[in-house]
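Visitor: I have a model on the screen and some terms to check. Please set each term against its definition.

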Amino acid sequence: MGVYSEKVMEHFRNPRNVGVIEDADGVGTVGNPVCGDLMTMYIKVEDDRIVDIKFQTFGCGAAIATSSMATELAKGKTLEEALKITRQTVAEALGGLPAPKMHCSNLAADALRRAIVDYLRKKGDFDRIKQLGLEKELEKMEKGEEEEDHEHGEVCEA
Ligand code: FES
């Protein structure tokens, strides 16, 4: 078996939900502090559910595969459920990722979280932002910080 699971390779070769939603309800962008790659997620929300989602990335193959999987996991979920998608959830759904590439899967989960915050702030629903524990994220977004805090020691071997 290679370094990547069959599922990772399959999502890399045939990524789901790539592109832009022009009239998105929420847009979230993050930069990866480890490698400098970028990711943007677009969501459409109806009745508190993510009814459509697309992503664009300047990331590596693992970022493409994890984003593809994250969008599949997020579609149809309520905002609260979608916020539970972490890099671990995504990596597990893909049958694992090599440790040096785990940082790539941060991009999808973080950009999705930001897209949700963006949707709520556009709606002016700051109570919900508080209730979901997203105030810090909002603060960072308002300050224009693109990067998330991540554990030190992660390396990029792309
Ligand atoms: S996202 Fe930058 S190396 Fe994977």
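Visitor: What makes β2 and β3 a pair, and in which sense do they pair?

Guide: Two strands pair if DSSP finds at least two bridges between them. Strand β2 (residues 38-46) and strand β3 (residues 49-57) have 8 bridges, in the antiparallel sense. One position to look at is Tyr42, which stands opposite Lys54 in β3. This is a predicted model, in which local features need pLDDT of at least 70 and side-chain atom pairs count only at pLDDT 80 or more, while totals for chains, interfaces and linings use all residues. Residues are numbered from 1 along each chain as its sequence is written.

Visitor: What joins β2 and β3?

Guide: They form a hairpin with 2 residues between them. Asp47, in the turn, has a positive phi of about 50 degrees.

Visitor: Which strands are the edge strands of the sheet?

Guide: The open sheet has 3 strands in the order β1-β2-β3, with antiparallel pairing. β1 (26-31) and β3 are called edge strands, as each pairs on one side only. β1 and β2 pair over 6 bridges, and Gly28 has Met41 in β2 as its bridge partner.

Visitor: How are helices and strands counted, and how many of each are there?

Guide: Both are DSSP runs numbered from the N terminus: helices are H or I with at least four residues, strands are E with at least two. By that rule the chain has 7 helices and 3 strands, in the pattern α-β-β-β-α-α-α-α-α-α.

Visitor: Why are α1 and α2 called roughly perpendicular?

Guide: Axes are lines fitted to C-alpha atoms, for helices over the stretch in contact, and angles run from 0 to 180 degrees between N-to-C directions. Under 35 degrees counts as roughly parallel, over 145 as roughly antiparallel, 65 to 115 as roughly perpendicular and the rest as oblique. Helix α1 (residues 6-13) and helix α2 (residues 61-74) pack at about 90 degrees, with axes 8 Å apart. The two helices are therefore roughly perpendicular to each other.

Visitor: How does the radius of gyration of the chain compare with that of a compact globule?

Guide: The radius is taken over C-alpha atoms, and the globule rule is 2.2 Å times the number of residues to the power 0.38. For 158 residues the rule gives a value near 15 Å, and the chain has 15 Å, so the two agree.

Visitor: What share of the residues counts as buried?

Guide: A residue is buried if 20 or more other C-beta atoms, placed from the backbone, lie within 10 Å of its own; 12 or fewer make it exposed, and in between it is partly exposed. Of the 158 residues, 41% count as buried.
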